[in-house]
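Got the viewer open? Let's take a short walk through this one, a stop at a time.

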Amino acid sequence: MDGRDREPVSGRCDLCGGTDLSELYAPPDSRRGLRVFVCRRCALVQSLPRIERAEVRRVDSGAGAAWGNIRYGKGFRTAPALSLLAGHVDAAALKRCLDIGSNRGSFVEALRSVNDSVEITAVEPDHTLVEPYRRLPGLTLHLCRFEDAPVGEGIFDLAYSCHTIEHVASPAAVMKKTFAALRPGGLLYVEAPRLDIIGGHDFVEEFFIDKHLYHFTLSTLERSCAAAGLETVETAEDVENVTVLCRRPLSGRVPAARLADPDEVERVTALVEGYGRGREEAARAAARAAAYIGSLGPRRVAVWGGGRLFDCLVRMGGLDPSALCAVVDKHLGAYVKEVHGRPVLHP
């Protein structure tokens, strides 16, 4: 069925406040019972109901909707973030920085390595992740959600939000609070998973996971910043990420945000519906790959990479992990000891 003909859900779009939300897709293994909708005014793709956190926190490297809670991917984005920021701000000259969702502290430690006098306020609700950096000098750590953190107003030169905005119940509220926290001229670096990745022919894992309530294109992320009164400085995107660097205007004037975007509505509707139709082909592709690996059985076969693609091979493709001589992963072994009954070995 075409998404435009589906029954709209009750509720309002977080970006534009519209009520014309049409269902496009339902992840088959969502433990939260989430369904994916598009706002037919502004094109923001969002999952409902807006449940902020899971009742049971499970550590899972699987490829389905329930994946999450290992939380080590943000560290891979620190170097690209610092590279983009270098064109607009001297990190060594920053006085106050706000890290929204500081995770395992990769950005905190990288910033401190080039500026040992910067005052950093870090916000991270998961107390199990913060021990390596919580006692750094000049660091104020709030162990709570950003919405509840007493971060102050008008004081930060830079706010950093990497792969956090997609988790929150209301990006609009978080953006407004971030705007208020910045000094006039202060910068916000915000990054999220790129919705357009689901259009790739080789994307097999579940994109619409239970921990993500919002699914951004570069356009909808930039307009989310503009709706909060922030002006764009630079944008970037790669296969997996969309990034907006924006600032609080010096003059205090709020730029008008263009919210209606009918062309983007049609584009993302087709994108998500195509992804939904392609899930069966993804399963067949995983089965073909698993069968090929299984055919190598007389030899000693190892799989390099024990994360979500390996899980696809086992769960979707039927690969027998006991037939493998090893599962090797450069990063995952620091957080889990085995996957599908096989120990995770470091290279």
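Before the first stop, one term: pLDDT is the predictor's confidence in each residue, from 0 to 100. You'll want it here, since this is a predicted model.

Color the chain by pLDDT to begin. The protein chain averages 90, and 91% of the residues score at least 70. Now select residues 1-9, where pLDDT stays under 50. The model has 21 contacts for this stretch beyond four places in sequence.

Next stop: the empty space inside. How many cavities of 30 Å³ or more does a search of the whole structure find? The search finds one, and about 60 Å³ of space lies in the largest cavity. To see its lining, select Lys74, Thr78, Asp99, Gly101, Ser102, Asn103, Ser106, Phe107, Tyr160 and Cys162. Helix 2 (106-114) and strand 7 (156-162) are the elements that give two or more residues to that lining. Try coloring the lining by residue class: you'll get three nonpolar, five polar and two charged residues.

Last stop: a sheet. Four strands form an open sheet here, in the order 12-13-15-14, with mixed pairing. Pick out strand 12 (302-304) and strand 14 (338-339), which stand at the edges. Why does each have a side without a neighbour in the sheet? Each has a single partner strand, so one side is left free of a neighbour there.

Stay with strand 14 and add strand 15 (residues 342-345): these two pair in the antiparallel sense over two bridges. To finish, zoom in on Val339, whose bridge partner in strand 15 is Arg342.

Technical notes
Residues numbered from 1 in each chain as written. Predicted model: local features only at pLDDT ≥ 70, side-chain atom pairs only at ≥ 80, totals over all residues. Heavy atoms only, no water. Contact = heavy atoms within 4.5 Å. 1 Å grid on protein atoms, 1.4 Å probe; cavity = no way out; pocket = protein on both sides within 12 Å on 5 of 7 lines; lining within 4 Å. Points joined across faces, edges and corners; volume = space filled by probe spheres on them. Nonpolar A, V, L, I, M, F, W, Y, C, P; charged D, E, K, R; others polar. Pairing = 2+ DSSP bridges.
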